[in-house]
Each structure stands twice: as structure tokens, then as C-alpha cells.
Amino acid sequence: MQNPKEHWEMVYQSKQPNAVSWFQEHATRSLELIHSVGTSLDANIIDVGGGASTLVDDLLRDGYKSISVLDLSASALDVARKRLGIAGRRVTWITGDICDVNLPAQTYDIWHDRAVFHFLIEPSHRAAYVQQVMKAVKPGGHVIVATFAPDGPEQCSGLPVARYAPGQLHGEFGPSFNLLEHVSEEHKTPWGSVQHFVYCHCLKPH
Ligand SMILES: C[S@@+](CC[C@H](N)C(=O)[O-])C[C@H]1O[C@@H](n2cnc3c(N)ncnc32)[C@H](O)[C@@H]1O
């Protein structure tokens, strides 16, 4: 079996960005949740496992000035960077595995992840992810994580995933995190099937 980095590099090298199941023309739910935070446009935002998502395009359009996009796949980040052209120079691009990449401490006001945490089926990887949140998000910062819901698919991109109800997803971060809101999404894939997602918006403790 391929290692995860090889898997994701192959995906982004062999498929058009709008031909993958998770493609969204606009990351509407994510944008709504990020706007609902009500931070200034100087807020430090990181899109974890952002891949080639258009979320960064829309955040730049909306005037956010300090955006980082992290992904295991350099090819994915290249797709987004090329699409953005000159505007892409205003983004911090980070290639790395969210479980062990060295992130700056107490830096992010908003941590966003759509469809990445659910690939962490090993408890030790989930614990490492939560440690990264504890390190890199500012005290009182916002953590927005979206995964497949309990009635979502059992696999994504051919890889097994864990599926979560809002309480379970919140529980992965622990009771010190305050669950502000959870919303669901019926995501339509480019070929018209429906995937159920759950988004949790939590506050990191002070
Ligand atoms: C299903 S895609 C979602 C992409 C994007 N968040 C979106 O909603 O369009 C999952 C992404 O997570 C990235 N990924 C998977 N495991 C990762 C890890 N351990 N660390 C960082 N990125 C990872 C993949 O390269 C891929 O871009």
C-alpha cells in the first residue's frame, strides 16, 4: 500500500481539481462559519489539508490578509497557487503532515479543516492532531472541523475514514473546548451523489 503522501500526490497529479468527490465551487458552509466568528480581516487563518480548495480564493476576495494553507501534497498546493496567480503570493503555503509538521505556537485565530481529520483513524494520529491545535491556535481561538457524518461514506479517495456525530467530534477535542455550533451539509459530488458532512465550530480554552 502507498504511503499517504504518495497517495495524495498521485490524486492531485492525475485528476482535475473539479473532478474529485470533495470539490466545491465555493466552500459555502466554511465561509459562513468563518464569517460568523466576526474577527478582523487581520486574523490569522489556517486551512489544514486545504488541498486545491477554493476557500483561500474566497477568503482573499473577502479581504482576509493572513491566510495559511497546509497540505501533505505539494501538488495540491501548486494547483491552488497557480490558480491564484499574483494573489497567491499573499498566502503562506505549508507542505507537511498535520500530525507532525512544525507549526508556530499560539498563532492562529481560526483553524479550519474540511475532510482531513476524518482520515485519522489511528487514535495516536488524532491525539497528535489535537496537540497541534493546542500548540498552534491562540487561546480562545476558533476551531472549525468538518468530517463525514455518521451516515456519510465509509471511504474518501479510496481511504477508510472515521465518521462523526457532532458530540463525538467535539469529544475528540475534549470538554475544555466549547462547542459553539454545529451544522450539517449535504455535499453534492461532481457526479451528483450526496455525501453528508458535519461541521463543528469550537472555541479553544483560554
Ligand atoms: C478530501 S481532501 C479535502 C481538501 C479540502 N479540505 C477541501 O475541502 O476541498 C483531503 C485533503 O487532506 C490532505 N491530507 C490528508 N492527510 C493529511 C495529513 N495527514 N496532513 C495534511 N494534509 C493531509 C490531502 O492531501 C487532501 O488535500
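Select H112 to begin: in this predicted model, the residue is buried, with a relative accessible area of 3%. H112 is found in strand β4, and if you display what surrounds it, leaving aside neighbours within four places in sequence, you will find contacts with S30, I34, I46, D47, V48, L55 and I144. Two of the surrounding side chains deserve a closer look, since the side chain of S30 makes a polar contact of 2.8 Å with that of H112, and the side chain of D47 makes another, at 2.7 Å. For a sense of scale, draw a distance from the C-alpha of H112 to that of P205, which reads 17 Å across a separation of 93 residues in sequence.

Next, select residues 108-114 and 44-48 together, that is, strands β4 and β1, which run parallel and are joined by 4 bridges. Within this pair, I46 stands opposite W111 of β4. Strands of a sheet pair through backbone hydrogen bonds, either parallel or antiparallel, and it is helpful to show backbone atoms at this stop.

Now widen the selection to the whole sheet, which is open, has 7 strands in the order β3-β2-β1-β4-β5-β9-β8, and mixes its pairing. At its edges lie β3 (91-95) and β8 (178-188), each of which pairs on one side only. From one strand to the next, the twist averages 15 degrees. Helix α4 (residues 74-84) packs on this sheet, touching β2 (66-71) and β3, and the direction of α4 makes about 165 degrees with that of β3.

Stay with α4 and colour its buried residues, which are S75, A76, L77, A80 and L84. An α-helix has 3.6 residues a turn, so residues three or four places apart point the same way. The buried residues of α4 pack against α1 (4-14) and α3 (55-61), as well as against β2 and β3. Then inspect the two ends of the helix: at the start of α4, a side-chain oxygen of S73 comes to within 3.3 Å of the backbone nitrogen of S75, while after the helix comes G85, with a positive phi near 60 degrees.

Move from there to the edge strand β8 and select it with β9 (residues 194-203); these two strands run antiparallel and are joined by 10 bridges. Together β8 and β9 form a hairpin with 5 residues between them, and in the turn G192 has a positive phi of about 90 degrees. One bridge to pick out is that of K188, whose partner in β9 is V194.

Finally, select the ligand and the 18 residues around it, of which Y12, G49, D71, I98 and R114 come nearest. Three distances are worth drawing here. A polar side-chain atom of Y12 lies 2.6 Å from an oxygen atom of the ligand; a polar backbone atom of I98 is 2.9 Å from a ligand nitrogen; and a backbone N or O atom of L72 lies 3.2 Å from a nitrogen atom of the ligand. With a surface display you can set these contacts beside the computed areas: taken alone, the ligand exposes 600 Å², and the protein buries 96% of that.

Notes:
Residues are numbered from 1 along each chain as its sequence is written. This is a predicted model: local features need pLDDT of at least 70, side-chain atom pairs count only at pLDDT 80 or more; totals for chains, interfaces and linings use all residues. Side-chain values use heavy atoms; hydrogens and water are left out. Two strands pair if DSSP finds at least two bridges between them. Axes are lines fitted to C-alpha atoms, for helices over the stretch in contact, and angles run from 0 to 180 degrees between N-to-C directions. Contact means heavy atoms within 4.5 Å. A residue is near a molecule or strand if one of its heavy atoms lies within 4 Å of it. A polar contact is a pair of N or O atoms within 3.5 Å; within protein, one must be able to donate a hydrogen and the other to accept it, and residues adjacent in sequence count only if both atoms are side-chain atoms. Accessible areas come from the Shrake-Rupley method with a 1.4 Å probe; for residues, only the protein chains shown count as cover. Buried means under 20% relative accessible area, exposed over 50%, partly exposed in between (1.4 Å probe, protein chains only).
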